[in-house]
Amino acid sequence: MVLQGLRRKIWETERNTEAGTVRLPHWAEAGRRREKGMRVEILDEDEDIIVVYKPAGIAAQTADVGQEDVVSELKNYLSRTPKAAGKERQEPYLGVIHRLDQPVEGLLVFAKRQNAAAALSRQLRDGAFCKRYYAVLCGRPEAEKGQLTDALCRDGAGRMGEVARAGQKADTREAVLHYSVLQSLEERKITLADIQIDTGRFHQIRVQMAHAGTPILGDRKYGGEACCALARDLQVQYVALCAYYLEFIHPGSKKVMKYRIKPRGRVFSFFSQL
């Protein structure tokens, strides 16, 4: 649902209350909770965590001098908060729990305290941290639902992931994801899929879906020429992948936190199932 004019629905959250888990729609003018000069939008924040929407095109964290990233934006934001006032040149703490590839949009949670970072990282490691994605695929998987299990490794330069060759054991890590087809548009030769990962490997979804024969639309690294040509025809600039759902246990209150957004990428608007 979209309001006319400047106001639009930019996110939804589900929070656990004494009455149970409820979804709270948040209505705001476009750009609210985005500080001046920031591309990141802050969805939720308290003493322990900060949950944000990362648009496609900005890195979550980078070591490249002069390149903007989410971590730098948030640290600059935190340094300007009232609690930071008066502290002499002390860099705010920001714990990175998970990442999204630069051309991917979606939800990220960061920790504002070291003990919160340790608790969230433990959940991620133990499989108690749920992440779900919408992906627009080139083509259509043979099965409506499925599990992909592959041994992944990096290429020689370390810049791309790949499925390991048969018999290769060194430097490989198991990657598991589950997908389900939500809607296919045969005339455009694209499919909307819901994806959940059990593991968090380098470029995991992009590598596994490409290896399965249904690369993600707009993925110049793994998509192949036909998929890239389709992306150009559909005017898709970034990888059509959105981390739309997060669920974890709050490190302080111990309540179950659930966050859900709608993708912003234009290609997602082609599908009625969102």
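Q: How many bridges join strand 3 to strand 4, and do the two run parallel or antiparallel?
A: In this predicted model, four bridges join strand 3 to strand 4, and the two run antiparallel. Pairing needs at least two bridges, so with four the strands count as paired. One of these links sets I42 opposite V52 of strand 4. The connection between strand 3 and strand 4 is a hairpin of three residues.

Q: What makes strand 4 and strand 6 a pair?
A: Six bridges lie between strand 4 and strand 6, and at least two are required, so they are a pair. Their sense is antiparallel. V52 appears here too, with L108 as its bridge partner in strand 6.

Q: Why is strand 4 called mostly covered?
A: Strand 4 spans residues 49-54, and six of its six residues are buried. Each of them therefore has under 20% relative accessible area.

Q: Which residues of strand 4 lie on each of its faces?
A: I49, V51 and Y53 are on one side, with I50, V52 and K54 on the other, and all are buried. In a regular strand, side chains alternate between the two faces of the sheet.

Q: How do you know whether E41 is buried or exposed?
A: The relative accessibility of E41 is 0%. The cut-off for buried is under 20%, so E41 is buried.

Q: What makes R264 and E41 a salt bridge?
A: Their closest N and O atoms are 3.1 Å apart. The limit is 4 Å, so the pair qualifies. R264 sits in the segment after strand 13 (256-260) and E41 in strand 3 (residues 41-45), which puts the partners 223 residues apart and links distant parts of the chain. R264 itself is partly exposed: its relative accessible area of 29% falls between the 20% and 50% cut-offs.

Q: Why does the contact of R206 with D101 count as a salt bridge?
A: The closest N and O atoms of R206 and D101 are 3.0 Å apart, and a salt bridge needs them within 4 Å, so this is one. R206 belongs to helix 3 (residues 204-211), while D101 is in the loop between strand 5 (95-96) and strand 6 (105-111), so the bridge ties together parts 105 residues apart in sequence.

Q: Are R206 and D101 buried or partly exposed?
A: R206 has 5% relative accessibility, which is under 20%, so R206 is buried. D101 has 23%, which lies between 20% and 50%, so D101 is partly exposed.

Q: What makes E225 and R232 a salt bridge, and are these residues buried or exposed?
A: At 2.8 Å between the closest N and O atoms, the pair is within the 4 Å limit. Both E225 and R232 are exposed, so each has over 50% relative accessible area.

Q: How many salt bridges does this rule give?
A: The count comes to 11 salt bridges.

Q: Why is helix 3 described as mostly covered?
A: Six of its eight residues are buried, namely Q204, I205, R206, V207, Q208 and M209. These residues pack against several strands, among them strand 7 (130-138), strand 10 (173-185) and strand 12 (241-249). Just after helix 3, G213 has a positive phi of about 95 degrees.

Q: How do you know whether D194 is buried or exposed?
A: D194 is found in strand 11. Its relative accessible area is 9%, which is under 20%, so D194 is buried. Leaving out residues up to four places away in sequence, the residues it touches include R132, Y134, H178 and L182.

Q: What polar contact does the side chain of D194 make?
A: The side chain of D194 reaches the side chain of Y244 at 2.4 Å. A polar contact needs N or O atoms within 3.5 Å, so this distance meets the limit.

Q: Which residues touch the most other members of the largest nonpolar core?
A: Of its 70 residues, L74, I190, I195 and L217 do. Beyond its neighbours within four places in sequence, I190 is in contact with residues including V136, L217, L230 and F270.

Q: What share of the protein's residues is buried?
A: Buried residues make up 46% of the 274 residues. The protein has four helices and 13 strands.

Notes. Residues are numbered from 1 along each chain as its sequence is written. This is a predicted model: local features need pLDDT of at least 70, side-chain atom pairs count only at pLDDT 80 or more; totals for chains, interfaces and linings use all residues. Side-chain values use heavy atoms; hydrogens and water are left out. A salt bridge is a side-chain nitrogen of Lys or Arg within 4 Å of a carboxyl oxygen of Asp or Glu. Buried means under 20% relative accessible area, exposed over 50%, partly exposed in between (1.4 Å probe, protein chains only). Contact means heavy atoms within 4.5 Å. A polar contact is a pair of N or O atoms within 3.5 Å; within protein, one must be able to donate a hydrogen and the other to accept it, and residues adjacent in sequence count only if both atoms are side-chain atoms. A nonpolar core is a set of buried Ala, Val, Leu, Ile, Met, Phe, Trp, Tyr and Cys residues joined through side-chain atoms within 4.5 Å.
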